[in-house]
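User: Hi! I am new to protein structures and would like to learn how to read one. Could you take me through this example?

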Amino acid sequence: MAKGREAFVCGSCGSVAPKWQGQCGTCGEWNTLVAVAAVGGPDRRGRGPGPAPPSTLAAESQHSPVRVATGSGEFDRVLGGGLVAGSVTLLGGDPGIGKSTLMLQAAAALASAGPVLYATGEESLQQVALRGRRLGLEESTSRLLAETCVEQIVEASRTLGARVLIVDSIQTTYTEGVESAPGSVAQLRECTALLVRHAKRTGTAVLLVGHVTKEGQIAGPRVLEHMVDTVLYFESDTGSRFRILRSVKNRFGAANEIGVFAMAEQGLREVKNPSAIFLSRDPQPAAGSVVTVLREGTRSLLIEVQALVDTGAVGNPRRVAVGIDGNRLTMLLAVAHRHGGLGFQGADVFANVVGGVRIDDTAADLAIVLAAHSSLDDRPVSHALVAFGEIGLAGEIRPVPFGEERLQEAAKHGFGTAIVAAANAPRRPPDGMRVFAVKRLVEALDAARGG
Ligand code: TYD
Ligand code: MG
């Protein structure tokens, strides 16, 4: 490694420091800094005679990015309308979730628009071919390469004139310029930097598959996420055949957009109308279950929240939240006690989101409290009821974004009653739907009892 071209990158948060230190100055983790070659150093030699003249936003907005369809509407949607030429996309997800399957299916569809190279470092060509046959992709014209040296991969891509390059996975690739083992922070960073440079110079769209750690982050430093244009995660509930593809970063589209797939015998199938797939369809209304409407990107999803309040508990009362932030649950129960008169003291409270979904949307607050109330009273709420709204510490129900869209989605699936914040109530409710507009928690509790 050349002198003076060294930097130190934190394996935990990805921040870069000029010199080594025991503790990362950004995230505070200990012994996470490792030496890497400074990015951009060797690149300077290849530059043209001088800087390009500065441009204007108006001039630049003339050329919109060139996009290629991936053959899957859901995948395109998450990318922001197709794969952008010259972009670098990182796809993370647990082993066996279907990353390679998605890539192979996309490779086959993309190959009809231009040369596609699929470089695999994880499986042999025979294994890839076997999967291809299972997916019914024998006719695919995409090219396969079993290679882990990133220079060789880039060379092959250049020779082929690939419009799309898939690297499965980035953890198995290495560059000769770095001595450490494949998968190490230094290797990951250098390999990614090389592939990013290749993408930007040639206009090749690069898709990188990445492993995730136990904590659910892409293995290696956060810095990978900073270097690429788009970061996608493939998620699923254990045992479920549904797969959610989520964009957590996208320089060419909305972040947090989701696409939904189902894993079938012949690979991944799109789920075009996923809004109700997470509803459990129990014919008997059960106490402690309330449906809410979440917003994921531009989509509304109907989600069932369940609560179990066990008043016969001994010892310290327990608060267990699955799919909901534990602190939020504790706070909501305190508000429900103080401003709704609900007696959860001494009771164990369990809250769960059906379908393994994780809720980050405060719109679910109202449904969580109504579910707990329903379980406490042992009285089911109506099957036709949805509720959404944020609950404030003063017991007020606050509006949430996209109220109208959420109501429309619920109405589309036959929900006849909605409890929402007053500011979310539309002037004209959707056809066949009765909307209770509430300002305070007590009003919502009353509406749920009556509705
Ligand atoms: P894979 O794409 O190899 O996952 P990853 O690359 O993320 O590790 O997916 C493998 C899993 O998907 C495996 O458990 C079998 C299942 N699968 C199907 O159910 N149907 C299929 O058609 C294929 C190809 C795989
Ligand atoms: Mg794989």
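User: How much area do domain 2 and domain 3 bury between them?

Analyst: Happy to help! First, some ground rules: this is a predicted model, where local features need pLDDT of at least 70, side-chain atom pairs count only at pLDDT 80 or more, and totals for chains, interfaces and linings use all residues. Residues are numbered from 1 along each chain as its sequence is written, chains are lettered from A and ligands numbered from 1 in the order in which they are written, and side-chain values use heavy atoms, with hydrogens and water left out.

Now your question. Buried area is the accessible area (1.4 Å probe) that two parts lose on being put together, summed over both. Here domain 2 and domain 3 bury about 890 Å² between them, and 53% of that is on carbon and sulfur atoms.

User: Which residues belong to each domain?

Analyst: Domain bounds come from an automatic or database domain assignment. For this protein it gives domain 1 (1-40), domain 2 (67-272) and domain 3 (277-450). The C-alpha centres of domain 2 and domain 3 are 38 Å apart.

User: How many residues of domain 2 are in contact with domain 3, and which elements do they come from?

Analyst: Contact means heavy atoms within 4.5 Å. By that rule, 13 residues of domain 2 are in contact with nine residues of domain 3. A polar contact is a pair of N or O atoms within 3.5 Å; within protein, one must be able to donate a hydrogen and the other to accept it, and residues adjacent in sequence count only if both atoms are side-chain atoms. Seven residue pairs are in polar contact between domain 2 and domain 3, counting pairs with both residues at pLDDT 80 or more. On the domain 2 side, helix H2 (73-79), strand E12 (242-250) and strand E13 (258-264) each give two or more residues. Helices (H or I, at least four residues) and strands (E, at least two) are DSSP runs, numbered from the N terminus.

User: How many salt bridges cross that interface?

Analyst: A salt bridge is a side-chain nitrogen of Lys or Arg within 4 Å of a carboxyl oxygen of Asp or Glu. The rule finds two across the interface of domain 2 and domain 3. You can also look for the salt bridge between the side chains of Arg 246 and Glu 296 (2.6 Å, N to O).

User: Is Glu 74 buried or exposed?

Analyst: Buried means under 20% relative accessible area, exposed over 50%, and partly exposed in between (1.4 Å probe, protein chains only). Glu 74 lies in helix H2, and it counts as buried because its relative accessibility is 4%. Leaving out residues up to four places away in sequence, Glu 74 touches several residues, including Ile 258, Phe 261, Lys 272 and Arg 299.

User: What is a nonpolar core, and how many residues has the largest one?

Analyst: In soluble globular proteins, nonpolar side chains tend to be buried together. A nonpolar core is a set of buried Ala, Val, Leu, Ile, Met, Phe, Trp, Tyr and Cys residues joined through side-chain atoms within 4.5 Å. The largest one here has 49 residues, and Phe 344, Leu 366 and Leu 370 are among those with the most contacts inside it. Helix H9 (residues 365-377) provides the largest share of this core, seven residues. The core draws at least three residues from each of domain 2 and domain 3.
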